[in-house]
Protein chains: 2
Amino acid sequence: MAVQTVASSSTSTVDLGPAVALSCRECGHRVPLGPVFACEECFGPLEAAYDFSGYDTEELRRRIESGPASIWRYAPLLPVPADVADKPNLNPGWTNLVKADNLARELGVTGELFVKDDSGNPTHSFKDRVVAQALEAARAFGFTTLSCSSTGNLAGAVGAAAARAGFRSCVFIPHDLEEGKVVMAAVYGGELVGIEGNYDDVNRFCSELIGDPAGEGWGFVNVNLRPYYAEGSKTLAYEICEQLGWRLPDQLVIPIASGSQLTKIDKGLKELIELGLVEDRPYKIFGAQAAGCSPVSTAFKAGHDVVRPQKPNTIAKSLAIGNPADGPYVLDIARRTGGAVEDVTDEEVVDAIKLLARTEGVFAETAGGVTVGVTRKLLKEGLLDPAKTTVVLNTGDGLKTLDAVAGTGLSATIRPTLDSFREAGLA
Amino acid sequence: MAVQTVASSSTSTVDLGPAVALSCRECGHRVPLGPVFACEECFGPLEAAYDFSGYDTEELRRRIESGPASIWRYAPLLPVPADVADKPNLNPGWTNLVKADNLARELGVTGELFVKDDSGNPTHSFKDRVVAQALEAARAFGFTTLSCSSTGNLAGAVGAAAARAGFRSCVFIPHDLEEGKVVMAAVYGGELVGIEGNYDDVNRFCSELIGDPAGEGWGFVNVNLRPYYAEGSKTLAYEICEQLGWRLPDQLVIPIASGSQLTKIDKGLKELIELGLVEDRPYKIFGAQAAGCSPVSTAFKAGHDVVRPQKPNTIAKSLAIGNPADGPYVLDIARRTGGAVEDVTDEEVVDAIKLLARTEGVFAETAGGVTVGVTRKLLKEGLLDPAKTTVVLNTGDGLKTLDAVAGTGLSATIRPTLDSFREAGLA
């Protein structure tokens with residue numbers, strides 16, 4: 001993958017709020033804010049670094065609480081300008097934290113169980129959170145085209161955000177994607193380009209394009225804008241704690257695709273502790289994968305520090321990244337916090353989707369079936385404490401993966417008469 | 001349809017907040033709160049009547065503004081107990097009011113244009129608002145089964161709400177519904193019963209069931225709980241005005257199915273004026289139908305007071321009610337406020353869905369295509385004033401009517417090379 005560096009003079013004046021630099025997660029080397037994603041010293045991943053030093057805790061809390069019902073209530077903690085809420089964007093976030101008492105009963109949880117339901121976002125997945133950050137970075141850097149490679153949720157999130165913000169969008173997908181997914185991405189009217197090849201070919205092509213003059217002015221949300229994009233996942237941590245009354249949950253169950261979301265939720269929780277917005281006490285982070293794409297779970301169970309790539313084969317397509325970039329960081333967080341990483345079969349995923357729908361009225365994407373299924377498995381294994389406060393993430397909407405529950409059908413077919421109704425035993 | 005009456009003694013103690021009785025919209029006859037929907041004197045429709053006399057305007061405004069980010073911030077104005085937000089329900093509402101500057105430009109609107117986007121509700125249609133009211137009435141009357149007849153959005157909304165609230169649900173649909181729609185409703189695990197017959201047969205059967213001992217303990221959200229159910233649409237009026245800074249819009253464009261939503265939005269606006277929460281000034285209400293099911297639009301244009309039933313034939317299935325119960329009331333409101341009722345072809349509906357998606361990143365159900373399409377037509381006809389503040393409703397999600405935009409596809413297919421990219425003219 002091409003590595004880009006920028007001269008500090010060209011970007012030192014961008015206003016991305018409290019973000020003051022990019023910092024290498026491996027060696028700590030700092031560079032000015034710019035559309036770069038890999039450290040020029042050690043090729044490690046760059047992430048946003050902030051100056052929160054001027055914040056008074058109670059003033060910050062009041063500012064957040066009086067902010068909009070979207071991720072922008074946390075603008076003081078994100079790489080975005082202070083007036084971000086006034087710019088055209090999809091205003092994602094502030095999704096329901098569902099108190100899941102019925103599910104708790106079924107699972108034998110005696111403590112509080114919550115589902116953070118991100119299907120309520122504008123394009124119905126958590127991707128709206130991260131794309132919204134990338135959009136602000138794209139504005140700051142003067143990009144005019146928003147782009148990404150995708151096989152699903154991200155394509156729609158980028159297409160929708162670009163449409164609303166007045167950006168051109170150009171999204172690259174494998175040319176043989178299912179028609180439904182193509183429609184969901186194409187409807188926003190941006191360029192949707194099919195690449196003759198598989199998802200790896202698409203990614204390789206995007207990396208080439210970033211290094212080429214043809215890609216000038218293009219912001220790839222999850223490549224050259226990745227350090228900003230990834231920060232959007234912190235808002236899940238912020239919202240969960242605020243919705244719990246400024247309190248850390250004891251346990252979180254988070255899906256793993258690249259692993260970025262899990263690491264950023266951990267980062268967000270640590271920030272809230274450092275800022276004094278929540279009490280500093282231990283929390284455990286659990287990662288969830290599908291058995292058909294479980295490189296991190298496999299490494300966790302084997303006690304490895306490195307993650308061996310796998311070839312994905314699961315219905316949980318939005319988690320099907322066989323070589324997760326943040327895998328090692330996820331292993332570290334799970335071990336450091338006393339959590340774990342577990343996986344469930346596709347059959348367990350489908351069962352869990354139905355369980356969540358039937359108990360709480362939340363229809364989750366396959367990724368939500370993975371986290372609920374893993375929660376059940378971790379409870380059986382004694383790794384999750386049933387007496388503690390637990391938050392399980394649902395990151396997408398069941399309407400996007402209808403195929404997973406195809407065949408869920410009528411409980412009876414009757415003639416339109418009371419006799420037929422009684423015969424069917426429905427009375 | 002069977003008409004039921006109840007003895008006042010059995011229901012006079014139910015707590016539905018400020019709702020004190022049911023009142024006939026035709027003759028004004030009052031009956032106690034109960035699971036009844038037609039006047040015992042004149043067979044007119046019953047609706048909730050309130051006692052708002054104790055409210056102080058500024059105190060009420062503060063109470064609403066400090067309430068939850070859901071319809072329950074308006075609990076003081078709805079037929080629900082004061083502690084409704086603490087009971088298990090889907091917490092719908094407080095959806096985005098999208099400032100649609102891009103769409104305004106395309107349509108030649110010089111004033112403010114907004115889209116009230118109800119696809120953000122838990123099951124992604126406005127039906128969650130009305131079902132949530134019916135659920136509270138069902139609780140108050142001691143019902144244990146939540147039911148309805150449906151061909152789509154309502155089935156999912158009832159199934160989800162019942163699951164979360166711990167009610168049994170039993171939803172009746174025509175037996176030959178498309179598989180996708182069946183899955184969306186069946187996933188919540190309630191009874192989903194196919195009726196051998198068309199939608200009229202399903203409705204007829206439900207009316208029979210209500211009058212039969214087999215239907216005892218059953219709350220049909222849109223039949224015997226209709227007077228409560230329908231009030232949920234008032235929350236659209238409340239939210240729009242609060243989101244505009246406690247201000248009435250000049251013009252609203254609202255879809256018409258039964259017409260209930262439009263009449264209740266008008267009721268909600270009038271309540272806000274009476275309560276002093278908004279300034280009393282004129283507003284115009286416009287109704288939107290699909291040409292393939294346009295009984296109200298046809299009557300409006302012909303100057304008739306009565307609505308002649310039609311046999312629906314349109315892709316806007318959620319609006320396809322050929323004999324709309326509230327049609328005459330809609331005609332009255334459109335004429336009294338200086339609005340109009342208009343209709344658009346299925347082709348215009350599809351165009352409008354794409355227009356809204358491409359300009360604002362909002363992917364609407366066919367019903368949203370109807371309102372946006374009608375807005376465009378009314379502007380061309382000079383019936384909508386382009387210089388005024390206009391709110392257009394989108395009542396559902398495009399993911400539920402993907403077929404309408406099927407064929408929206410790739411803009412190009414290329415090999416994974418820069419040369420191929422350049423040849424396609426994408427640079």
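## Exercises: a sheet and an interface

Let's start with six strands of chain A, which form an open, mixed sheet in the order β4-β5-β13-β10-β11-β12. This is a predicted model, where local features need pLDDT of at least 70, side-chain atom pairs count only at pLDDT 80 or more, and totals for chains, interfaces and linings use all residues. Residues are numbered from 1 along each chain as its sequence is written, chains are lettered from A and ligands numbered from 1 in the order written, and side-chain values use heavy atoms, without hydrogens and water.

**Exercise 1.** Find which strands stand at the edges of the sheet.

*Solution.* Strands are DSSP runs of E, at least two residues, numbered from the N terminus, and two of them pair if DSSP finds at least two bridges between them. β4 (97–99) and β12 (341–344) of chain A have a single partner strand each, so one side of each lacks a neighbour in the sheet. Next, look at β4(A): three bridges join it to β5 (residues 113–117) of chain A, running antiparallel. There, Val98(A) has Val115(A) as its bridge partner.

**Exercise 2.** Work out how many salt bridges link chain B and chain A.

*Solution.* Take the rule: a side-chain nitrogen of Lys or Arg within 4 Å of a carboxyl oxygen of Asp or Glu. The count is four. One pair to check is Arg422(A) with Asp212(B), at 2.6 Å from N to O.

**Exercise 3.** Find which strand of chain B is joined to β8 of chain A.

*Solution.* Go to residues 191–195 of chain A, which are β8; three bridges join them to β14 (residues 412–414) of chain B, and the two strands run parallel. Then pick out Gly194(A), whose bridge partner is Thr413(B).

Notes: Helix = DSSP H or I, 4+ residues; strand = E, 2+ residues; numbered from the N terminus.
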